[in-house]
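Thanks for coming, everyone. I'd like to walk through one structure today, sheet by sheet. Here it is on the screen.

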Amino acid sequence: MVGPERSLAMYNHFLALLDLGVPVIGALQGHAIGGGMGLALCCDMRVCHGASQYGVNFVRLGLHPGMASTYFLPRLVGVPRAAELLLTGRLVDGWEAGRLGLANYCCETPEEVLAKANALADEVAMNAPVAVRWTKRSLYKHLGWSPRDAAWEEAGLQLQTAATADAQEGARALLEKRRPSFEGR
């Protein structure tokens with residue numbers, strides 16, 4: 001059996017966004033589901049498209065969530081809402097993502113998403129660069145920031161759940177566009 005290192009190797013590309021000293025603004029012009037949402041959660045701020053779908057649907061596939069989503073979501077939306085999103089695998093549209101706190105802004109069209117993200121970046125860029133970098137560092141430092149530890153644990157648990165019959169059923173159901181019939185094995 002391959003260990004969590006394989007998943008974490010992929011995660012590290014996403015988590016590298018956390019190492020950037022400058023703010024990272026995600027312009028989510030389309031759907032961000034599962035790993036795509038994990039990448040979006042690595043951004044400091046997010047602007048989304050109202051008609052697009054967002055979420056962490058891992059449990060609907062018989063998998064443990066990955067990409068440090070169990071770490072990021074409670075910090076963004078609070079524990080009760082994170083529990084609902086993670087345990088149901090429910091997807092939300094961009095408008096609800098904004099209301100929940102998954103996105104800073106929500107726009108009508110994909111073009112408006114990019115324009116708003118650029119405007120937000122311009123607003124940040126007008127400030128003193130050293131102050132912005134240090135503020136970003138302080139913001140996360142005081143949260144007890146350890147998303148890599150969470151990603152490591154999730155990678156191991158996701159690997160274990162991937163080996164279950166439920167995960168095989170989840171993948172089949174997704175491909176066949178039907179609701180999965182999980183049996184708890």
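One definition before we start. Two strands count as paired if DSSP finds at least two bridges between them. Keep that in mind for strand 4 and strand 5. They pair in the antiparallel sense, over 2 bridges. One of the partnerships to look at is Y54, whose bridge partner in strand 5 is V92. And a reminder: this is a predicted model.

Now, which sheet do these strands belong to? Strand 4 and strand 5 sit in an open sheet of 3 strands, in the order 2-4-5. The pairing there is mixed. At the edges are strand 2, residues 32-33, and strand 5, residues 92-93. Each of those two pairs on one side only. Strand 4 covers residues 53-55.

In general, strands of a sheet pair through backbone hydrogen bonds, either parallel or antiparallel.

On to the other sheet. This is also an open sheet of 3 strands, with the order 1-3-6 and parallel pairing. Strand 1, residues 25-28, and strand 6, residues 105-107, stand at the edges. Each has a single partner strand, so one side of each is left without a neighbour in the sheet. Neighbouring strands here are turned by 15° against each other on average, direction ignored.

Let's take the pairs in turn. Strand 1 and strand 3 are parallel, over 4 bridges. A27 stands opposite V47 in strand 3. Strand 3 and strand 6 also run parallel, joined by 3 bridges. There, C48 stands opposite C106 in strand 6.

Stay with strand 3, residues 45-49. Is this strand mostly covered or mostly open? Covered: 5 of its 5 residues are buried. Which way do they point? M45, V47 and H49 point one way, R46 and C48 the other way, and all are buried. As a general rule, side chains in a regular strand alternate between the two faces of the sheet.

What lies across these strands? Helix 6 does: it lies across strand 1, strand 3 and strand 6. The helix runs at about 160° to strand 3.

Last stop, E123. Its place is in helix 6, residues 110-125. Buried, exposed or in between? E123 is partly exposed, because its relative accessible area is 49% and partly exposed runs from 20% to 50%. How far is E123 from A9? In sequence they are 114 residues apart, and in space 34 Å, C-alpha to C-alpha.

That's my tour. Questions welcome.

Notes:
Residues numbered from 1 in each chain as written. Predicted model: local features only at pLDDT ≥ 70, side-chain atom pairs only at ≥ 80, totals over all residues. Heavy atoms only, no water. Buried < 20%, exposed > 50% of the residue type's maximum accessible area, 1.4 Å probe, protein only. Axes fitted to C-alpha atoms, helices over the stretch in contact; angles between N-to-C directions. Contact = heavy atoms within 4.5 Å.
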